[in-house]
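Please open the model in a viewer and keep the selection panel at hand. The stops below are meant to be followed in order.

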Amino acid sequence: MTDPSIRDGSPRNGATQDGAWPMGAARAVSLAEATSFLLLLIATAVKHGADHEIGVKILGPVHGGLFIAYCLLILYVGSLRRWPVKRTLLALGASVLPVAPFFVERHWLREPAPASDGTSGHGTSGHGGSPGRASSAPAS
């Protein structure tokens, strides 16, 4: 007999339903998309400066595929994580700027570090708080 909890797709051993698959893939694709964009810009400069088209012929389709994958993953992660529409649109808009997906990966696609002692953040959360500010005090 099979365990009915296995068939229903419920998470195992503390794993979350949105665990490594969408976030890890989104992080990897975000980094790859930004890198391919920068390489494509260099290849375009080489194409026009030295009349060598091979870089653009190779990197153009690679970047195009990564761009589509990035946009789809951002939409999926945004929906899964219930991001505000503004954040989702900003993350999508980041795909048209050469280095912006690096920032999306760094600040929005990384899992927050678990607080082991019950306190939250010491300036390392990536949310713009200053290290000396107490988290319970309202910002003025």
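Helices, as named in this tour, are DSSP runs of at least four residues, numbered from the N terminus. With that convention, the stretch between H3 and helix H4 (85-93) is a loop, and Arg82 lies in it. The model is a predicted one, and the tour therefore starts with its confidence values.

**Stop 1: colour by pLDDT**

Colour the chain by pLDDT. The average over the chain is 77, and 66% of the residues score at least 70. Among the elements, H4 has the highest mean pLDDT, 96, while helix H1 (residues 4-7) has the lowest, 40. Next, select residues 1-16: the pLDDT there is below 50, and the stretch has seven contacts in the model beyond near neighbours in sequence. Residues 121-140 also have a pLDDT below 50, with six such contacts. Where pLDDT is low, the predicted coordinates should not be read in detail.

**Stop 2: the loops on either side of H3**

Return to Arg82 and display its backbone. Its phi is near 55 degrees, a positive value in a residue other than glycine. Most residues other than glycine have a negative phi. Is Arg82 buried or exposed? Arg82 is exposed, because its relative accessible area is 73%, over the 50% that the term requires.

Now select Asp51, which is found in the loop between helix H2 (20-50) and H3. Asp51 is not a glycine, yet it has a positive phi of about 60 degrees. At 63% relative accessibility, Asp51 counts as exposed.

**Stop 3: Leu40 in H2**

Select Leu40, which lies in helix H2. Leu40 counts as buried because its relative accessibility is 16%, and the term applies under 20%. Which residues does Leu40 contact, leaving aside its neighbours within four places in sequence? They are Val56, Leu59, Gly60 and His63. For one of these, draw a distance between C-alpha atoms: Leu40 and Val56 are 6.3 Å apart in space and 16 residues apart in sequence.

**Stop 4: His63 and Gly60 in H3**

Two of the partners of Leu40, His63 and Gly60, come next. His63 is found in helix H3. With a relative accessibility of 10%, His63 counts as buried. Show the residues around it: not counting those up to four places away in sequence, His63 touches Glu33, Ser36, Phe37 and Leu40.

Gly60 also has its place in helix H3. Gly60 counts as partly exposed, because its relative accessibility is 27% and the term covers values between 20% and 50%. Residues up to four places away in sequence aside, Gly60 touches Leu40 and Gly55. A C-alpha to C-alpha line from Gly60 to Ala43 spans 9.2 Å, and the two are 17 residues apart in sequence.

**Stop 5: a nonpolar patch on the surface**

Switch on the molecular surface and select Phe67, whose place is in helix H3 (residues 54-80). Phe67 is partly exposed, with a relative accessible area of 30%. Which residues form the nonpolar patch that includes Phe67? Extend the selection to Ile68, Leu72, Leu75, Val96 and Leu97, which form the patch together with Phe67. The accessible area of the patch is about 570 Å².

Terms used: Residues numbered from 1 in each chain as written. Predicted model: local features only at pLDDT ≥ 70, side-chain atom pairs only at ≥ 80, totals over all residues. Heavy atoms only, no water. Patch = residues over 30% accessible without salt bridge, like charges linked within 9 Å, V, L, I, M, F, W, Y side chains within 5 Å. Areas by Shrake-Rupley, 256 points an atom, 1.4 Å probe, with all protein chains shown as cover. Salt bridge = Lys/Arg side-chain N within 4 Å of Asp/Glu carboxyl O. Helix = DSSP H or I, 4+ residues; strand = E, 2+ residues; numbered from the N terminus. Buried < 20%, exposed > 50% of the residue type's maximum accessible area, 1.4 Å probe, protein only. Contact = heavy atoms within 4.5 Å. pLDDT = per-residue confidence, 0-100.
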